[in-house]
Each structure stands twice: as C-alpha cells, then as structure tokens.
Amino acid sequence: MKLADEHTPPTPFAPARRHLGATALASGALIAAAALAATGCSSGHGPTDSLALSAAQGPAGLSSTVAGSYQVLKLNDARDETFNQLLGINNDGVIVGYFGSGAARHPNKGYALIPPFAQRSFLNENFPRAAQTQVTGLNDDGVTVGFFSTQNTASLANNNFGFYEENGRFHEVNFSIGDAASPPVDQLLGVNDSDVAVGFFTNSAGDNRGYEYNIRTHRFSRVLIPGQRGLGPSLTAAAINSHGDVAGFYNKTSAQVDAFLKLGSGRFITLAYPKATATQAFGVNDSDEVVGTYTTGTGNAAVTHGFTWWDGKYTSVNISGASSTAINGVNDEGDLVGFLTDAKGNTDGLLALP
C-alpha cells in the first residue's frame with residue numbers, strides 16, 4: 001500500500017472500517033521519516049549482502065535490491081509521544097497497537113490506526129472497564145484480538161486476559177486449565193480471515209503454552225512441536241495466516257530461543273537468525289513471509305533487530321539512528337509494522353511500505 005493510494009481521508013466519526021467502532025482523536029498530522037537498513041542472508045549462512053540506507057527529511061521511497069523500495073514512517077499517538085508500538089496490519093492498511101509503557105500510572109491503551117495515518121486516524125479500542133489494553137492483531141474483516149489487564153501495578157506483575165472484538169463487542173477468551181500462573185497470563189496475538197486466533201497462556205511453572213482458538217466454534221487446540229514428548233518446551237503462538245500456518249517462538253534449550261513456522265500440513269520449520277542469541281517470530285502473511293526480531297549479544301550488550309524470512313532467506317531490518325528495531329506484523333503486500341527505540345530513548349511506532 002502506498003499513501004498515495006488513499007485519496008479521501010476518513011472523517012473523525014466515519015472510520016474506514018466501521019466495525020472497529022472507536023472514538024477518533026482530534027486531527028493533526030504525525031508522520032516522520034526514518035531510514036531503513038537491510039541486510040540479506042541465506043538460511044544457515046552469514047550475510048551475503050549489506051546495505052545501509054540514508055535518512056530523508058520527509059516520507060521517502062528507499063530503494064534496495066535486497067530490501068525493495070520502502071516508504072518508512074514513524075507513527076505515534078499524540079497522547080503519548082514517548083511509547084507506541086504497532087503490532088499488526090491487515091490488507092486494507094489498518095494497523096493495531098497501543099500507547100503507554102505499562103508502568104504504574106502509565107497504562108497501555110489500545111488503538112486502531114487507519115490511513116492516511118493522521119492524528120484523527122487513531123481510534124480508541126480498549127476492553128471495557130480494563131486498566132490496560134493491547135490490541136495485537138486483526139484480520140481483513142475487522143475482527144481484532146489482544147489482551148487486557150485489570151491492574152496497573154508498579155511491579156508490572158499484572159494479570160492478563162485474552163479477548164477478541166467484533167462489530168463493537170468485546171469477548172474475553174482464556175484457555176482454562178488448573179495450573180495457571182499467578183497472576184494469570186493469557187494473550188491472543190493474531191487472527192486470520194477464518195476467525196481462528198492464536199495466542200498462549202502461562203502455567204504455574206512459568207512455561208508458555210501456545211494454542212489456537214476458533215472464534216466461530218469457541219474451541220481451543222494446542223500448538224505443539226511434532227515429535228516432542230508431552231507438551232514440549234515453552235512455546236508462544238504469535239500469528240496465523242489464511243492457510244492455517246502458525247508462526248511463533250519456543251525455548252529450544254534453556255539458553256536458546258528459536259522462532260518457528262508450523263504449516264497447516266504439520267511441517268515444522270525452525271527459524272534461527274545466523275549468529276543470533278535469540279530469534280522470535282511475531283507475524284506471517286499468506287505467502288509465508290515471516291517477520292519478527294532477533295537478538296545479538298547478551299546482557300547489557302544485547303541489541304534487538306527486526307527481520308523478515310521468506311523461502312529460506314533472512315533479511316535484517318534496522319532503522320538508521322535507532323538503538324533497536326522490532327518488526328511485529330506483515331500483510332500480503334509486504335507492508336511491515338513494528339517499533340524502534342530512538343536517540344531519546346522513546347519507543348516509536350514504525351510502518352514500512354514497499
């Protein structure tokens with residue numbers, strides 16, 4: 001999607017997707033350009049190409065034989081310029097995310113963001129009477145998923161409960177088990193056009209257990225690694241495409257986290273960015289392009305980078321001048337959303353349009 005494709009901006013009280021049903025903000029543009037750096041490498045091998053793209057003063061088309069041509073935008077809700085994360089994008093260009101760090105008196109507040117991405121395009125979406133909400137994913141029919149908390153504690157040890165929203169109505173979703181963590185942690189992170197959502201809960205041992213939830217039948221099924229004994233290692237299911245292919249990450253060992261793509265056929269593909277200490281997948285589109293983050297270094301020297309993976313090839317995605325970059329969502333056009341940490345230490349929403 002190009003911004004030029006959006007000829008008629010939606011009015012504040014007539015959002016482009018009416019079933020997102022939220023209150024719009026006052027108008028006022030909030031778009032800033034950023035530079036995209038890209039490095040390509042093949043699965044299991046070191047980088048084969050390297051490119052750092054220069055910054056621009058306005059929204060810029062950035063060309064590369066590795067990364068393609070991107071218009072890269074930094075998007076923040078003006079109610080909190082210090083902390084925004086963009087977590088999902090559908091094929092209509094509607095984005096979901098939230099503002100607020102989650103610290104005490106700085107709660108997460110969910111939103112949907114519609115083109116042309118001005119301030120009036122941020123639409124509130126928060127679970128009723130919740131203290132905090134993150135909207136994490138959506139499909140092309142406007143069904144959104146996420147999680148909420150009734151708490152906003154200084155310790156950040158808040159309860160989490162999953163939800164989906166459809167036609168302005170919120171529905172709580174939690175995988176009911178007898179050995180849940182305390183406080184409980186349950187999150188929905190993605191949903192496809194068949195209204196199958198994915199997420200995880202945390203058990204009393206601190207392990208994440210990935211699952212699918214069918215919104216139409218209200219049935220749960222577990223996401224497991226084939227060939228593992230029992231329920232296997234800690235695993236988070238983070239995204240699902242229209243073919244039923246699921247992306248996420250798991251603890252391969254006590255010291256190593258790898259991403260995965262589990263195809264609807266049952267085939268399980270492990271994704272480990274070369275020389276990374278951790279790889280996590282957060283999004284997948286219908287072409288099985290996977291996006292997420294990888295970490296280099298450990299402890300205080302650890303740095304987070306975004307990545308894309310498709311057909312065995314990784315591409316590292318980094319914003320010039322940012323201390324870290326994360327890619328959380330991708331649609332079928334290859335539009336990317338995520339966030340970065342800027343020079344002031346702020347967390348800024350990120351959109352990259354090919």
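**Aromatic pairs.** I looked for ring pairs in this predicted model and got 23 aromatic pairs. I picked out Phe83 and Tyr98 to check by hand: the ring centres sit 6.1 Å apart and the planes meet at 40°, so I logged the pair as tilted. Phe83 is in the loop between strand E5 (70-75) and strand E6 (84-89), while Tyr98 belongs to strand E7 (residues 95-99), so this contact ties together parts 15 residues apart in sequence. Both Phe83 and Tyr98 are buried.

Next I pulled up Tyr213 and Phe220, another tilted pair, with 4.7 Å from centre to centre and 45° between the planes. I noted Tyr213 as buried because its relative accessibility is 6%. Phe220 comes out at 33%, so I put it down as partly exposed. Then I followed the ring pairs outward: Tyr213 and Phe220 sit in a cluster with Tyr164, Phe175, Phe201 and Tyr211.

**Salt bridges.** How many salt bridges does the count come to? I have six.

I started with Lys74 and Asp348, whose side chains meet at 3.9 Å, N to O. Lys74 lies in strand E5 and Asp348 in strand E28 (residues 347-353), so the bridge ties together parts 274 residues apart in sequence. Buried or exposed, I asked of Asp348? Asp348 is buried, because its relative accessibility is 2%. Its partner Lys74 reads 25%, so Lys74 goes down as partly exposed.

Arg216 and Glu166 came next, in a salt bridge of 2.7 Å, N to O. I placed Arg216 in the loop between strand E16 (208-214) and strand E17 (219-222) and Glu166 in strand E12 (residues 161-166), 50 residues apart, so to my list of links between distant parts of the chain this pair was added. Arg216 is partly exposed at 43% relative accessibility, and Glu166 is partly exposed at 24%. I also found that Glu166 and Arg216 join Asp195 in a network of salt bridges.

I checked one more, Lys252 with Asp258, at 3.8 Å, N to O. Lys252 is partly exposed at 47% relative accessibility, whereas Asp258 is buried at 2%.

**Charged surface.** Last, I looked at the surface and found a negative patch formed by Asp141, Asp193, Asp332 and Glu333. Where is Asp193? I traced Asp193 to the loop between strand E14 (186-191) and strand E15 (196-202). Asp193 has 32% relative accessibility, so I entered it as partly exposed.

Technical notes:
Residues are numbered from 1 along each chain as its sequence is written. This is a predicted model: local features need pLDDT of at least 70, side-chain atom pairs count only at pLDDT 80 or more; totals for chains, interfaces and linings use all residues. Side-chain values use heavy atoms; hydrogens and water are left out. Patches are made of residues with over 30% relative accessible area and no salt bridge: like charges are joined within 9 Å, nonpolar side chains (Val, Leu, Ile, Met, Phe, Trp, Tyr) within 5 Å. Accessible areas come from the Shrake-Rupley method with a 1.4 Å probe; for residues, only the protein chains shown count as cover. A salt bridge is a side-chain nitrogen of Lys or Arg within 4 Å of a carboxyl oxygen of Asp or Glu. Lys and Arg count as positive and Asp and Glu as negative; His and the chain ends are not counted. The place of a charge is taken as NZ of Lys, CZ of Arg, CG of Asp or CD of Glu. Helices (H or I, at least four residues) and strands (E, at least two) are DSSP runs, numbered from the N terminus. Buried means under 20% relative accessible area, exposed over 50%, partly exposed in between (1.4 Å probe, protein chains only). Rings of Phe, Tyr and Trp (its six-membered ring) pair if their centres lie within 6.5 Å; planes under 30 degrees apart count as stacked, over 60 as edge-to-face and the rest as tilted.
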